[in-house]
Amino acid sequence: MEEPFYRNGLRFSCQRCGRCCRIPEGVVYLTENDVQIAAEHLKISRDEFLRRYTHREHKHRVLNEFSNGDCIFFREGRGCIIYDARPEQCRTFPFWKQNLRSKEAWESVSEECSGIGKGEFYSFERILKIAAGESEAT
Ligand code: SF4
Ligand code: SF4
């Protein structure tokens, strides 16, 4: 079997540009764990969190957005206001399985994300853990 292109690791350090929080067609899917953590962080009940900040899209629970497409938790100049409790989808970006499926896919997402190729080194093992949702990117 062919070696994954990231066998020798990858570099990534978020530049806090906010671009991935402001994708008009972007959707942040929530797990039950995401909901619990964010609700606790905001010191509100799970039900209040669901009512104020989320809606259903087909079978999925997703974060609301402002009318311009920005994530409901994104603030200009501050970035994510629930950063320490951000959902798994956000904590694992850009090490998503679909971005790791090929070098081309990784290079394509690097055109959108200025943190790719910079700063912190992620080993192969660490990348696998993040992609599996068992760890997070920083
Ligand atoms: S993950 Fe990438 S696109 Fe998102 S804020 Fe960080 S540098 Fe910007
Ligand atoms: S929850 Fe935070 S990190 Fe995730 S998209 Fe919204 S603002 Fe960005």
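A charge sits over a ring if NZ of Lys or CZ of Arg is within 6 Å of the ring centre and within 35 degrees of the ring normal. The exercises below apply this and similar criteria to a predicted model.

**Exercise 1. Charges over rings**

Task: Find the ring under the charged end of R7, and state the distance from its centre. Then find the ring under R86.

Solution.
- Step 1. R7 places its charged end over the ring of F124. The distance to the ring centre is 4.1 Å.
- Step 2. R86 lies over the face of Y83. Here the ring centre is 3.8 Å away.

**Exercise 2. The network around R86**

Task: Identify the salt-bridge partner of R86, classify both residues by accessibility, and name the network they belong to.

Solution.
- Step 1. The partner is E136, with the closest N and O atoms 3.8 Å apart.
- Step 2. Locate the two ends. E136 is in the segment after α6 (124-131), and R86 is in the loop between β5 (79-80) and α3 (88-92). They are 50 residues apart, so the pair links distant parts of the chain.
- Step 3. Buried means under 20% relative accessible area. R86 has 7%, so R86 is buried. E136 has 30%, so E136 is partly exposed.
- Step 4. Salt bridges link D34, R86, R91 and E136 in a network.

**Exercise 3. The setting of D34**

Task: Is D34 buried or exposed? Which residues does D34 contact, beyond its neighbours within four places in sequence?

Solution.
- Step 1. D34 belongs to helix α1 (residues 32-42).
- Step 2. The relative accessibility of D34 is 2%, so D34 counts as buried.
- Step 3. The contacts are Y29, P87, E88 and R91.
- Step 4. Add a polar contact. A polar side-chain atom of D34 lies 2.9 Å from the backbone nitrogen of T31.

**Exercise 4. Two further salt bridges**

Task: Describe the D70 to R22 salt bridge and the D47 to R46 salt bridge, with the accessibility of each residue.

Solution.
- Step 1. The whole structure holds twelve salt bridges.
- Step 2. D70 and R22 have their closest N and O atoms 3.2 Å apart. D70 is in the loop between β3 (60-63) and β4 (74-75), and R22 is in the loop between β1 (10-12) and α1, so the bridge ties together parts 48 residues apart in sequence.
- Step 3. D70 is buried at 8%. R22 is partly exposed at 30%.
- Step 4. D47 and R46 meet at 3.3 Å, N to O. D47 is exposed at 53%, while R46 is partly exposed at 33%.

**Exercise 5. Core and aromatic rings**

Task: Which elements give two or more residues to the largest nonpolar core? Why is the F95 and Y122 ring pair called tilted?

Solution.
- Step 1. The largest nonpolar core has 16 residues. Among those with the most contacts inside it are F95, W106 and Y122.
- Step 2. The elements are β1, α5 (103-110), β6 (116-122) and α6. With four residues, α6 gives the most.
- Step 3. Eleven aromatic pairs occur in the whole structure. In one of them, F5 and W106 are tilted, 6.5 Å centre to centre with 45 degrees between the planes. F5 is in the segment before β1 and W106 in helix α5, 101 residues apart.
- Step 4. F5 is partly exposed at 26%, whereas W106 is buried at 7%.
- Step 5. F95 and Y122 have ring centres 4.7 Å apart and planes at 40 degrees, so this pair is tilted. Both residues are buried.
- Step 6. Ring pairs join F5, Y6, F12, F95, W106, Y122 and F124 into a cluster.

How values were computed: Residues are numbered from 1 along each chain as its sequence is written. Chains are lettered from A and ligands numbered from 1 in the order in which they are written. This is a predicted model: local features need pLDDT of at least 70, side-chain atom pairs count only at pLDDT 80 or more; totals for chains, interfaces and linings use all residues. Side-chain values use heavy atoms; hydrogens and water are left out. Buried means under 20% relative accessible area, exposed over 50%, partly exposed in between (1.4 Å probe, protein chains only). A polar contact is a pair of N or O atoms within 3.5 Å; within protein, one must be able to donate a hydrogen and the other to accept it, and residues adjacent in sequence count only if both atoms are side-chain atoms. Contact means heavy atoms within 4.5 Å. A salt bridge is a side-chain nitrogen of Lys or Arg within 4 Å of a carboxyl oxygen of Asp or Glu. A nonpolar core is a set of buried Ala, Val, Leu, Ile, Met, Phe, Trp, Tyr and Cys residues joined through side-chain atoms within 4.5 Å. Rings of Phe, Tyr and Trp (its six-membered ring) pair if their centres lie within 6.5 Å; planes under 30 degrees apart count as stacked, over 60 as edge-to-face and the rest as tilted.
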